[in-house]
Amino acid sequence: MSADVTSHRHLPPLAITVGGFCVCVPARDEVHRIGRLLAALAAQDHLGAIPVVIALNNTTDASRYVIEAVGRRHVDRLDIHLDEHVFPEDLAHAGSARRRAMDLGFRRLGGTGVLLTTDADARPPPNWVAANLKAIAAGADIVGGALALDEDEPAASAIIDRWALLARYWAIVRTIEDEIDPKPWDPQPRHGDHTGASLAVTAKAYRAVGGVPVVPLGEDVALVNAVVAMGGRLAHPIDVQVKVSPRLVGRAAGGMAEAMVALSGDPDRPRTLTAPGFRHWRERAEWRRALRGRPDGYAEIARLEPTLPPMPCDMALEPETVR
């Protein structure tokens, strides 16, 4: 894959032609949840069939049969391409799986249009496809979706409470960023999530960065950073959302399930959540603003930011400190 993403400084501010799209799903041993995802895709308010690529990898359960059964049930709504592959042990991770799913979607689209990706245990609301395509048509090169806990699955009260606390914290962080370093292509109201549970990227941008980085952890954020480093516009529209499972046991190392375990804590040894104080986010936003004025500032930010020392988690997250 080789081509350049058009720098956002030269993109037109209004609508562009979206073309076709494909939903790309990596999956491994998701027999209990993949059917629910497909039912949610069948319920999209987008007119016409929904093209879907499912990359089953290193799977030992009956996921294939569930996918085939749901496909027959929704034959008029879902146009499913099912791929099965066994990666060698050193490549049996999320990076390889998502890359395979999105590469297959890219080829299915003939290298044009929009690639959407989500996780096999996610549940997109009915407007998910349409809202993503709307954001791309408005000029975004890559779109992140907000994460919400799936209310249809039981979750510990500690997870629910801490999820809400973190949501308030990140809302304050976004306000700080928007005051100091606003980006016209990502205006308020916006969220701040861009994970593999909900991403949309133009095929042009995907080709330009060479696809999903084959890394065992954080392949989703690595893809986003690569697009931004080449001048792509990252948007977080408030109407692009997806529901995620609060389960404590997952398939991918470093995935959502591990985050839920961290939020649930140890009931016998409760501890306070900590996060970087807001002054650190102000300093970071000021640093970005200073670089953004340079001719290659956007690429420099994307290149340098991952190398900066981690912000110290020096603020306790309590209801009285996060308002």
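This report looks at two buried residues, R98 and Q44, and at one helix pair in a predicted model.

## Ground rules

Numbering runs from 1 along each chain as its sequence is written. Since the model is predicted, local features need pLDDT of at least 70 and side-chain atom pairs pLDDT 80 or more, while totals for chains, interfaces and linings use all residues, and side-chain values use heavy atoms, with hydrogens and water left out.

## R98

R98 sits in helix α3, residues 94-108 (helices are DSSP runs of H or I, at least four residues, and strands runs of E, at least two, numbered from the N terminus). It counts as buried because its relative accessibility is 6% (buried is under 20% relative accessible area, with a 1.4 Å probe and protein chains only).

Its side chain makes a 2.6 Å polar contact with that of D119 (N or O atoms within 3.5 Å, one able to donate a hydrogen and the other to accept it; residues adjacent in sequence count only if both atoms are side-chain atoms). Beyond four places in sequence, R98 touches residues including P26, T117 and E219 (contact is heavy atoms within 4.5 Å).

## Q44

Q44 is in the loop between α1 (34-42) and β2 (50-57), and is buried at 4% relative accessible area. A polar atom of its side chain lies 3.1 Å from the backbone nitrogen of W128. Among its contacts outside four places in sequence are P124, P125 and P126.

## α5 against α9

Helices α5 (residues 157-180) and α9 (residues 278-292) have axes that come within 9 Å and cross at roughly 35 degrees (lines fitted to C-alpha atoms over the stretch in contact, with angles from 0 to 180 degrees between N-to-C directions). Residues that meet include W170 and I176 from α5 and W281 and R282 from α9.

Technical notes. Buried means under 20% relative accessible area, exposed over 50%, partly exposed in between (1.4 Å probe, protein chains only).
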